[in-house]
Amino acid sequence: MNTLPTALEKYSKKIGATQLPFVRIHLEQADNLLPWNSKVGGAPYLPKGIPFPVNAEGVQLFFMAQVNFAEMPPLEGFPLKGILQFFIFDDGLYGLDFDEPEAQHNFRVLYYADPVTDSDALITDFTFLRSYGDDMPLKAGSEWAMRFQPDTGLMPESDFRFDGIFGEDFFARFGTDEWSIAEAYGKISDAAGHRVGGYAEFTQEDPRQPEDLMELLFQLDTDSKHGILWGDMGVANFFIRPEDLAQLNFSRVLYNWDCY
């Protein structure tokens with residue numbers, strides 16, 4: 001655990017109990033990526049005979065990212081193999097539906113349990129794809145390889161479970177030091193960046209409900225170095241119920257993104 005502010009030391013046991021493992025994702029120059037490799041942008045893994053994902057109106061979606069779990073360090077609760085893909089849409093909300101954030105009308109999460117590693121069995125020519133709008137989180141054609149790093153993180157104050165564990169207005173108890181202590185805790189519980197599992201980052205508020213436990217499946221953050229921008233310095237999250245993840249059921253994923 002990172003060093004706690006002195007005022008929080010008496011809460012160290014409770015804070016430490018919130019620690020969760022996750023896998024941090026670093027993006028790197030994509031050199032000779034294979035169709036089944038983990039990536040952000042570029043072209044997806046797509047076996048011949050499988051149609052390219054479309055929205056509810058039959059319009060082609062935009063490939064955002066894929067994670068090949070066989071390339072990722074093991075993470076409890078997550079598959080050890082298979083490819084998980086994320087597609088969004090080039091409308092004003094990037095496929096997000098505030099009223100039905102789990103309805104995969106304008107986004108899609110797909111899983112291939114047993115990927116084929118034979119290029120001859122895969123679609124590699126994607127010239128059939130349409131042109132996408134310019135105002136997307138990442139530019140069509142950009143492609144970045146994923147490098148994985150196991151890590152752990154503490155529960156940030158923005159997590160929907162925080163008040164239930166620490167009490168409402170937890171930092172107010174420190175009086176005039178409230179903001180400095182909250183800021184210090186925010187630095188050691190920072191959930192920003194690209195990741196699989198663990199805690200999520202928000203610029204607004206956590207969209208999950210306490211009575212319906214969902215965990216972070218995948219997060220793609222704003223990353224100016226690699227040309228990724230969600231609105232005004234925002235972040236996108238995909239959440240899943242643990243029982244669905246255990247059953248490899250990705251039909252009920254909650255998609256959310258927000259910005260400043």
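The following questions and answers concern salt bridges and one buried residue in a predicted model.

Residues are numbered from 1 along each chain as its sequence is written, and side-chain values use heavy atoms, with hydrogens and water left out. Because the model is predicted, local features need pLDDT of at least 70 and side-chain atom pairs count only at pLDDT 80 or more, whereas totals for chains, interfaces and linings use all residues.

User: How many salt bridges does the structure hold?
Analyst: A salt bridge is a side-chain nitrogen of Lys or Arg within 4 Å of a carboxyl oxygen of Asp or Glu. D159, R161, D206, R208 and E215 are linked in a network of such bridges. The number of salt bridges in the structure is twelve.

User: Is K39, the salt-bridge partner of E143, buried or exposed?
Analyst: The side chains of K39 and E143 meet with an N to O distance of 3.2 Å. This pair links distant parts of the chain, 104 residues apart, with E143 in strand β6 (residues 143-153) and K39 in strand β2 (residues 39-41); strands (E, at least two residues) and helices (H or I, at least four) are DSSP runs, numbered from the N terminus. Buried means under 20% relative accessible area, exposed over 50% and partly exposed in between (1.4 Å probe, protein chains only). E143, at 27%, is partly exposed, while K39, at 3%, is buried.

User: What is the N to O distance in the salt bridge of D114 and K81?
Analyst: D114 lies in the loop between β5 (108-112) and β6, and K81 in the loop between β3 (62-68) and β4 (83-88), 33 residues apart. D114 is exposed at 58% relative accessibility, and K81 is partly exposed at 42%. Their side chains meet at an N to O distance of 2.6 Å.

User: Which residue forms a salt bridge with R241?
Analyst: R241 is buried, with a relative accessible area of 7%, and is found in the loop between β9 (235-240) and α4 (242-246). Its partner sits 29 residues away, in the loop between β7 (194-196) and β8 (215-221), and is partly exposed at 26%. With the closest N and O atoms 2.7 Å apart, the partner is D212.

User: What is the separation of the C-alpha atoms of F107 and L93?
Analyst: F107 is found in the loop between β4 and β5 and is buried at 1% relative accessibility. Leaving aside neighbours within four places in sequence, F107 is in contact (heavy atoms within 4.5 Å) with residues including L61, F87, F238 and Y255. F107 and L93 are 14 residues apart along the chain, and their C-alpha atoms are separated by 11 Å.
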